[in-house]
Amino acid sequence: MIDVSPLNSTGTPATSNKTGPQQLGQDDFLKLLVTQLKNQDPLKPTDNAEFVSQLTQFSQLEQTAKQSQLLQRSLDAQSASLQFTLLPMVGRRISIDHPLTQLENGQASLTYGLEKNAARVQITILDQNRQVVRTLDTTNLQAGLNQARWDGKDSKGTVMPPGVYEYAISAVDQQGASIVAKGRAQLTVTGVRMEEGQAKLAVGALSVDPSDIVEVQ
C-alpha cells in the first residue's frame, strides 16, 4: 500500500492530532454562562426567567456530580469493608449444601445426607465438562450424613488434577425405591474476590456466596 499522507516542511509525513468527543463538565457550563452574559445584546438582555433557569440547571448539575462522587466513594468503602471482613475466612474449612468435592493432595471426601436408610448408594464424580470421572458404590448406609473417600483417580487409574469436582448421588432402599440424597461440600477457602460488587469466598476458581455457608470448621 502506498502512503499518501501529506508531507510537512521536513519532508516527512505529517501527523494530525485527532480528538474524540468531550463531555462538558460544570466548569465548562459556568464558562459558557459567563460568556453568554458578556456577549449579550444590550438592547435585548437575557430574560430573567431564562437566566434563572440556566442557574438552576448549573446548580442541579453541580449537586448531581457531588452526589455521584459521594455514592461512588461509599460503594468503594463498602466493597473494601466486605473484603476485609471475609479475610479471616481464608484457610478455613466451610460446608455448603452443594454436591461438590475438593481434590487436594490426591484425596477428597464426599459428604452427603440420606433421608432414610439406603441399601445402595452410587456416587458419580464429574469433571468441569460434566464428563464422568469415576463411579463409587457403597451399600447399607444409615440415614443422615455419610461420607465417602475418593483417591483422586479416574476409572482407568489416572490421577486427576487438584480442583473442585461436582458429583451426583443416586440412592435406593431394600425394595429398590429411590431415596432423597443431598450432597454437602466441604471446601477450603483460598481467598476473597469481588464479583459484580459482591464479596465472594474463593475456592480455587470457584466463587462461594457467604450466605451459602452452613458450617465453618
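The following paragraphs describe the cores, an aromatic pair, the largest pocket and two backbone features of a predicted model.

Residues are numbered from 1 along each chain as its sequence is written, and side-chain values use heavy atoms, with hydrogens and water left out. Because the model is predicted, local features need pLDDT of at least 70 and side-chain atom pairs count only at pLDDT 80 or more, while totals for chains, interfaces and linings use all residues.

A good place to start is the interior. In soluble globular proteins, nonpolar side chains tend to be buried together. Here, the largest nonpolar core (a set of buried Ala, Val, Leu, Ile, Met, Phe, Trp, Tyr and Cys residues joined through side-chain atoms within 4.5 Å) has 19 residues. Buried means under 20% relative accessible area, exposed over 50% and partly exposed in between, with a 1.4 Å probe and protein chains only. Leu110, Tyr112, Leu114, Val121, Ile123, Ile125 and Trp150 touch the most other members of this core. At least two of its residues come from each of strands E3 (108–114), E4, E5, E6 (144–150) and E7; strands (E, at least two residues) are DSSP runs, numbered from the N terminus. A second, separate core has 12 residues, among them Met89, Ile94, Val203 and Val208.

Individual residues fill in this picture. Beyond four places in sequence, Leu114 touches Val121, Leu141, Gln142, Ala143, Gly144, Asn146, Ala171, Val180 and Ala181, where contact means heavy atoms within 4.5 Å. Leu136, in strand E5, counts as buried because its relative accessibility is 13%. With neighbours within four places left aside, Leu136 is in contact with Leu110, Val121, Gln122, Ile123, Ile125, Arg149 and Trp150. Elsewhere, Leu201 belongs to strand E11 (residues 198–203) and is buried, with a relative accessible area of 0%. Contacts of Leu201 outside the same four-place window include Met89, Ile94, Val192, Leu206, Val208 and Ile213. Between Leu201 and Thr190, 11 residues apart in sequence, the C-alpha to C-alpha distance is 7.7 Å.

Trp150 appears again in the one aromatic pair of the structure. Rings of Phe, Tyr and Trp (its six-membered ring) pair if their centres lie within 6.5 Å; planes under 30 degrees apart count as stacked, over 60 as edge-to-face and the rest as tilted. The ring centres of Trp150 and Tyr165 are 5.2 Å apart and their planes lie at 80°, so the pair is edge-to-face. This pair links distant parts of the chain, with Trp150 in strand E6 and Tyr165 in strand E7, 15 residues apart. Both Trp150 and Tyr165 are buried.

Tyr165 also leads to the largest pocket, which holds about 310 Å³ of space. Of its 16 lining residues, Asp127, Gln128, Gly163, Val164 and Tyr165 are the closest to its centre. On a 1 Å grid over the protein atoms alone, a pocket is an open set of points where a 1.4 Å probe fits, with protein on both sides within 12 Å along at least five of seven lines; lining residues have an atom within 4 Å of a point. Strand E7 (residues 163–172) gives the largest share of the lining, four residues.

Two backbone features remain. Most residues other than glycine have a negative phi. Arg130, however, has a positive phi of about 60° and sits in the loop between strand E4 (118–126) and strand E5 (132–141). With 51% relative accessibility, Arg130 counts as exposed. Asn140, in strand E5, has a positive phi of about 50° and counts as exposed at 58% relative accessibility.

Notes: Grid points are joined across faces, edges and corners, and a volume is the space filled by probe spheres set on the points.
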